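Trainee: Before going into detail, I would like to learn how to read a model of this kind, beginning with the overall picture and ending with single residues.

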Amino acid sequence: MLGDMGSFLLSFAFNFLVAFLVVRFIYYPSTHNKRYIFTFLAFNTLIYFVLSFMNSIEIGIGVGFGLFAIFSILRYRTDPIPIREMTYLFIIAALPVMNSAGSNSEVWWQLVAANGIILVILWVLEKEWGFHYEATKRITYERIELIHPDRRAELLEDLETRTGLQIKRISIGKVDFLRDTASLVIYYDDPTQEHWLYNPDREVIVVGKDDGD
């Protein structure tokens, strides 16, 4: 019994360590967003324990994957999860499904290799090696007189002054003449510049009027 308990705790520690490395050293340095850290680690821990107990009472791996599917499609109705965070949530939920096999089988080296490969791939992708990501931000803008094509240079200068970003291009969406606002999407190359603009509750920046206007 002691051997089974030791194997169980060792397998859990390994799974949690991998999840912690993903969240703390890959996800967080790239986003600086603490909002989903609790969700990621709590999901990982809970799913691991549930699947471990399922394996111990021989319920069957099919039931485990059914539970995993339920957890994977969860969405918060009042707070939708962005695609990036949803991807990490899927990874964090998949790790315990895979690692729970380590407590009852002789596949430790395969699990170590698989987890190592996952860590390396995520790290490389977040470092953008071989890829170029163009960051975007949606903005509600009130100076609609500047959206005229002849004043595009003034619009670009005003947005760069207000946001502090080096903007490559601007896409104009819905224009509300009743409220004198326009929905804009700005494109820029350096995602690290956007962290101070990040609003965890909404992804829309309302650019207000200058004091002198």
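Mentor: Let us begin with burial, keeping in mind that this is a predicted model. Of the 213 residues in the protein, 37% are buried, and the protein exposes about 13100 Å², of which carbon and sulfur atoms supply 63%.

Trainee: How many helices and strands does the protein have, and in what order do the elements run?

Mentor: There are 6 helices and 4 strands, and, read from the N terminus, the order is α-α-α-α-α-β-α-β-β-β. To judge how such elements are connected in space, one can look at the sequence separation of contacts: among those in the protein with a separation of 6 or more, 66% join residues 24 or more positions apart.

Trainee: Which residues of the largest nonpolar core touch the most other members?

Mentor: A nonpolar core is read as a set of buried nonpolar residues joined through their side-chain atoms. The largest one here has 26 residues, and those touching the most other members are Val22, Phe40, Ile47, Tyr88, Leu89 and Ile92. Helix 1 (2-31), helix 2 (37-56), helix 4 (83-99) and helix 5 each supply at least two residues of this core, with helix 4 giving the most, namely 8 residues. There is also a second, separate core of 15 residues, which includes Ile139, Ile144, Leu159 and Leu184.

Trainee: Taking Ile92 from the largest core, which residues is it in contact with, once its neighbours within four places in sequence are left aside?

Mentor: Ile92 is then in contact with Ala19, Val22, Val23, Phe40 and Asn44, and two of these, Val22 and Phe40, also appear among the core members that touch the most others.

Trainee: Turning to a polar residue, is Asn99 buried or exposed?

Mentor: The cut-off for calling a residue buried is a relative accessible area under 20%. Asn99, whose place is in helix 4, has a relative accessible area of 1% and is therefore buried. Its side chain is joined to that of Asn15 by a polar contact of 2.9 Å. Not counting residues up to four places away in sequence, Asn99 touches Ser11, Phe14, Asn15, Tyr48, Leu111 and Asn115.

Trainee: And at the surface, which residues make the nonpolar patch of about 260 Å²?

Mentor: Such a patch is built from residues with over 30% relative accessible area, and this one is made by Ile117, Ile121 and Leu125. Ile117 has its place in helix 5 (residues 108-126), and helix 5 is also one of the helices that supply at least two residues to the largest nonpolar core.

Technical notes. Residues numbered from 1 in each chain as written. Predicted model: local features only at pLDDT ≥ 70, side-chain atom pairs only at ≥ 80, totals over all residues. Heavy atoms only, no water. Patch = residues over 30% accessible without salt bridge, like charges linked within 9 Å, V, L, I, M, F, W, Y side chains within 5 Å. Areas by Shrake-Rupley, 256 points an atom, 1.4 Å probe, with all protein chains shown as cover. Salt bridge = Lys/Arg side-chain N within 4 Å of Asp/Glu carboxyl O. Core = buried A, V, L, I, M, F, W, Y, C linked by side-chain atoms within 4.5 Å. Buried < 20%, exposed > 50% of the residue type's maximum accessible area, 1.4 Å probe, protein only. Contact = heavy atoms within 4.5 Å. Polar contact = N/O pair within 3.5 Å; in protein donor to acceptor, adjacent residues only side chain to side chain.
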